[in-house]
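Q: Hey, I've never looked at this one before. Can you walk me through it?
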Amino acid sequence: MGFDVYTYTNKGGRGYNEDSVDYEVQESSGVFVVADGLGGHSFGELASACVCETLVGGWNGAFGEQLPGWLANRIVESNSRILQLQQEKGTVLKSTAAILAVDNMRASWANVGDSRLYYIHRDVLANVTNDHSVAFKKYKGGEITRNDIRTDPDQSSLLRSLGGTSRFEPELYGNGTPLEPGDAFFLCTDGVWEFLQDEEIVIDYLKAANAEEWGRLLLLRVMDRVSGEHDNLSFITMIVDGPRPAEADFRNMNYPAPVVKMPSPASVDVPPTTPAAVQEQAVSGVGAAGTGPQAVNAFAGPSGTSTSVSGASAVGSSIQPGLTNTDAGNSTQPGGDSGGSGRPGWVKWFVTAMVAILVVLIAIIVVKSKSNKKDQDQKDSSTRIIWDTEQTEEPLIILPEKPSSGGATPTDPEPETAEKPKDDPTEEPTIHGLPIIPVEDPTTEEETTEGSIFDH
């Protein structure tokens, strides 16, 4: 058996490419590395190239120890070399990495930062590495969904990376997992996986006849979704050659949509110590948090055990320059959680039905409320009209008729408040209740008689 491998790297929407991709295969063994440099311009490229050179260029075809231990030691060595580069260049250089090591068809893999490795076994997604980022911590804490990691503002805030005196420890998986023909690995940087769903990686693998076709199918999806100044794009697709088991002959079968399962990797048995030379290089950069030999610390996830290689200051409070580091603990395996992509179909139908019923009930309530409001408005309007009519009606007063001379038609009586004429002869004028004696006009004949008071 051998390996069918396809690699791709491109600067994407950036002006420079900080990613590095490399691999080396010898018979049924090999080393595969994808690294994403941090530091800007050529400095990030130097850091990622340093990782590839240490892990691939320094491999002579033999591992000489258990795969997890070899991976741990080489990653620590990569970190020490990047620290030396920082001193030479006088600037900050860092890198993430995803590494796969295969020894006689037994595999182990590791990652630092947010570069990922996907492992497909018997046509299902068997494992995906954890990201060491704030966004992934938020997902594990239940604040966001797995799909939200790609667009979360904290997605690029790393909690671990190579190139620091602490928080550079890798997360190890596999412990010599035996490989079968048809098993596949997809290693990529965050510039690629942030545009892909987990199940899409499996679907394109099932469609492809070889590693190159698989890679190109994934690349078509990514290129259809990228826009603007997106990140560098780098990945490796690898498929184990050889006749597949009978149950894996899917090309002549009517397969349903692939089910994404993510069991935790087996516990890793790593040698308790590292070579003395590697210890000296790793310890030389440890700061105030403490010094001491590198140790291999195992920590348990929700449904399995993973292994982390760390120094005495791995849980210290020092923060890598240029990064937002708030991690004070170890990552855990996602276990069976695949971000909801493996959720049973009946759950989706039930949720959809409940949402539809809720929408219908809300619509009925709104319509009924409007109808009741309209009826009430009509009732209020009718009530106001009746009240106004009652208030504006004038009372009908019928007075008895008075007899009049000449058979004339009686007229309406004058209002009680009308004033009487001033020259009404039937009433004597008074002042303060005393009668006023009228004075006769002296010019009339009757008033020219003798004895008149005016005869003087």
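A: Sure, one term to start with: angles under 35 degrees count as roughly parallel, over 145 as roughly antiparallel, 65 to 115 as roughly perpendicular, and the rest as oblique. Helices (H or I, at least four residues) and strands (E, at least two) are DSSP runs, numbered from the N terminus.

Q: And what kind of model is this?
A: It's a predicted model, where local features need pLDDT of at least 70 and side-chain atom pairs count only at pLDDT 80 or more, while totals for chains, interfaces and linings use all residues. Residues are numbered from 1 along each chain as its sequence is written, and side-chain values use heavy atoms, with hydrogens and water left out.

Q: OK, at what angle do α5 and α6 cross?
A: Roughly 135 degrees, and the axes of α5 (residues 198-207) and α6 (residues 211-225) come within 8 Å. Axes here are lines fitted to C-alpha atoms, for helices over the stretch in contact, with angles running from 0 to 180 degrees between N-to-C directions. That's why α5 and α6 are oblique to each other.

Q: Which residues meet there?
A: From α5, Glu200, Ile201, Ile203, Asp204, Tyr205 and Lys207; from α6, Glu213, Trp214, Leu217, Leu218, Arg221 and Arg225. Contact means heavy atoms within 4.5 Å. The residues of this contact divide into six nonpolar, no polar and six charged.

Q: Switching topic: how many salt bridges are there in the whole structure?
A: A search finds 12. A salt bridge is a side-chain nitrogen of Lys or Arg within 4 Å of a carboxyl oxygen of Asp or Glu.

Q: What does arginine 221 pair with?
A: Glutamate 200, with the closest N and O atoms 3.4 Å apart. Arginine 221 sits in α6 and glutamate 200 in α5, so the pair ties together parts that are 21 residues apart in sequence. Glu200, Asp204, Arg221 and Arg225 are linked in a network of salt bridges.

Q: Are arginine 221 and glutamate 200 buried or exposed?
A: Both arginine 221 and glutamate 200 are buried. Buried means under 20% relative accessible area, exposed over 50%, and partly exposed in between (1.4 Å probe, protein chains only).

Q: What about lysine 138, which residue does that one bridge to?
A: Aspartate 154, at 3.3 Å between the closest N and O atoms. Lysine 138 is in helix α3 (residues 134-140), and aspartate 154 is in the loop between α3 and β8 (171-178), 16 residues apart. Lysine 138 is buried at 18% relative accessible area, whereas aspartate 154 is partly exposed at 27%.

How values were computed. Ala, Val, Leu, Ile, Met, Phe, Trp, Tyr, Cys and Pro count as nonpolar, Asp, Glu, Lys and Arg as charged, and the others, Gly among them, as polar.
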